[in-house]
2 protein chains.
Amino acid sequence: MQDILFNFISRYVSLTNDEKNAIRSLDLFHSVKKGTILLKEGQKSQNSYFVLKGCIRVYYIINGEEKTTAFYTELDALTPHCVVSKAPSQYYISCIEDTILAVSNADMEAEINCNFPKFESLCRMLSEELLAKQRIDFDEFKTSSPEQRYLNLVQKRPDLIQRVPQHQLASYLGIKPQSLSRLRARILEKSKA
Amino acid sequence: MQDILFNFISRYVSLTNDEKNAIRSLDLFHSVKKGTILLKEGQKSQNSYFVLKGCIRVYYIINGEEKTTAFYTELDALTPHCVVSKAPSQYYISCIEDTILAVSNADMEAEINCNFPKFESLCRMLSEELLAKQRIDFDEFKTSSPEQRYLNLVQKRPDLIQRVPQHQLASYLGIKPQSLSRLRARILEKSKA
DNA sequence: TTGGCCCGTTCACTTAAGTTAAGAAAGAAT
DNA sequence: ATTCTTTCTTAACTTAAGTGAACGGGCCAA
């Protein structure tokens, strides 16, 4: 698991052995069972997550209905809004598979950022990259229809379609489960013709 | 204009006079006329923008049609995807008003980040904050209808509705101009009843 | 002043998503 | 093995967005 993390980090900065040991000493890794809720609406968590294996999901409860807005899988990083804003969380985070996470908290990060400028550099680069990527995702979402969004997802994250329940995928695509069902039938119809 | 920038920065870090002078010496500020195109599809720009006054707009041209996906106004920062990915831009950026910008380029930033760790800290905090905020915006978009999105916009960025043409607002809301027209008529109808 | 262009609105029509309800299929629990 | 629950699909109906076309207003330029 450490190797996976260090490999990921090496895309951005190269760490000395001292720096690696500093990270190793942090007790970052946690195994989490499917169904575990990592964050609830109203809570003020300090934790950020990096997925080494498995899948976690962000969802809201709006008028008693679950609305799933994001999935994080292998090598995805997530700092919940409440960590940044210091306000109560508006959403839930749960594990939809048995998952292995690297968990860090804000205090820990602040300290490392102070002592290891390289780490702050890593965080900056990673955030900037994620910000730009997410912007593109948002743009694609805005400029395409539900059907295009589904087809796009099939291309870009085919694994999600296998490992995630349809009704969660539906709200991820901004539609109702029934519409997703229908839309898939429609696509199948077209590909036959 | 410098004061506006320094005030903004002071939300995140406090700068010494030396640091302020270093920034002053950079020749960041540019006045740009309404209609100017800052970035075109296919270009590989290095520039990031911070809006001091005015409004810039991100749009795609898809099947010959303009699709506006973002507006940046006073105190908004924008690092285009192509700066981060080093790939050609997929979108255009243009000024929809006479605008005053702070413009920085990647080389400049790299150098400052090296010499002023505080600046890198600022960039990290800003990116993390924007990432989390944009996540919330995206979530709101996914979980609401065009009508709700419009009403939400009226609440959150009432200025945009005044300063931006309807057909650009429409694609910003993920719909066609005709639908926005109709939707507004519908809302007006309801408020009368 | 006229003509052209861009923009926003309206309308009629088409298409697709939301809603409500029902039923089949797959899993989990006892 | 049986029950209970959750998930997915289907269908009929409603509502809203997409499409194509037309009209009027405002603006600019000839």
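## DNA strand D

In this predicted model, a polar backbone atom of Lys176(B) lies 3.2 Å from a phosphate oxygen of DNA strand D. Two side chains, one from each protein chain, also have polar atoms close to phosphate oxygens of this strand: an N or O atom in the side chain of Ser179(B) is 2.6 Å from a phosphate oxygen, and for the side chain of His167(A) the corresponding distance to a phosphate oxygen of DNA strand D is 2.9 Å. When the atoms of DNA strand D that lie within 4 Å of the protein are sorted by type, 69% belong to sugar or phosphate, and the rest belong to bases.

Around DNA strand D there are 14 residues, of which Gln166(A), His167(A), Ser181(A), Ser179(B) and Arg186(B) come nearest. At least two residues of this surface are supplied by each of helix 8 (166-172) of chain A, helix 9 of chain A and helix 9 of chain B, and it is helix 9 of chain B that gives the most, with four residues. Divided by class, the surface near DNA strand D holds seven polar, four charged and three nonpolar residues.

## DNA strand C

For DNA strand C, the phosphate oxygens are again approached by a serine and a histidine: a polar side-chain atom of Ser179(A) is 2.6 Å from one phosphate oxygen, while an N or O atom in the side chain of His167(B) lies 2.7 Å from a phosphate oxygen. A base is reached as well, since the side chain of Gln178(A) places an N or O atom 3.5 Å from a base oxygen of DNA strand C, a distance that meets the cut-off for a polar contact, within 3.5 Å. Among the atoms of DNA strand C within 4 Å of the protein, sugar or phosphate accounts for 64%, and bases for the rest.

Which residues come nearest to DNA strand C? Of the 14 residues around this strand, they are Gln178(A) and Ser179(A) from chain A, together with Gln166(B), His167(B) and Ser181(B) from chain B. The surface near DNA strand C takes its largest share, four residues, from helix 9 of chain A, and by class it comprises three nonpolar, seven polar and four charged residues.

## The interface of chains A and B

The two protein chains also meet each other, with 34 residues of chain A in contact with 34 residues of chain B. Between them, chain A and chain B bury about 3,400 Å², and 62% of this area is on carbon and sulfur atoms. On the side of chain A, the residues that lose the most area to chain B are Gln134(A), Phe138(A) and Lys142(A), which together make up 19% of what that side buries.

Polar and charged pairs cross this interface too, with 18 residue pairs in polar contact, both residues of each pair being at pLDDT 80 or more. The elements of chain A that give two or more residues to the side touching chain B are strand 4 (56-62), strand 5 (65-72), helix 3 (81-85), helix 5 (117-142) and helix 8. Helix 5 of chain A provides the largest share of that side, 19 residues, and the residues of the whole side divide into 14 nonpolar, ten polar and ten charged. The count of salt bridges between chain A and chain B is two; one of the salt bridges joins Glu120(A) to Arg124(B), with the closest N and O atoms 2.3 Å apart.

How values were computed
Residues numbered from 1 in each chain as written. Chains lettered and ligands numbered in written order. Predicted model: local features only at pLDDT ≥ 70, side-chain atom pairs only at ≥ 80, totals over all residues. Heavy atoms only, no water. Near = heavy atom within 4 Å. Polar contact = N/O pair within 3.5 Å; in protein donor to acceptor, adjacent residues only side chain to side chain. Nonpolar A, V, L, I, M, F, W, Y, C, P; charged D, E, K, R; others polar. Contact = heavy atoms within 4.5 Å. Buried area = accessible area lost by both parts, 1.4 Å probe. Salt bridge = Lys/Arg side-chain N within 4 Å of Asp/Glu carboxyl O.
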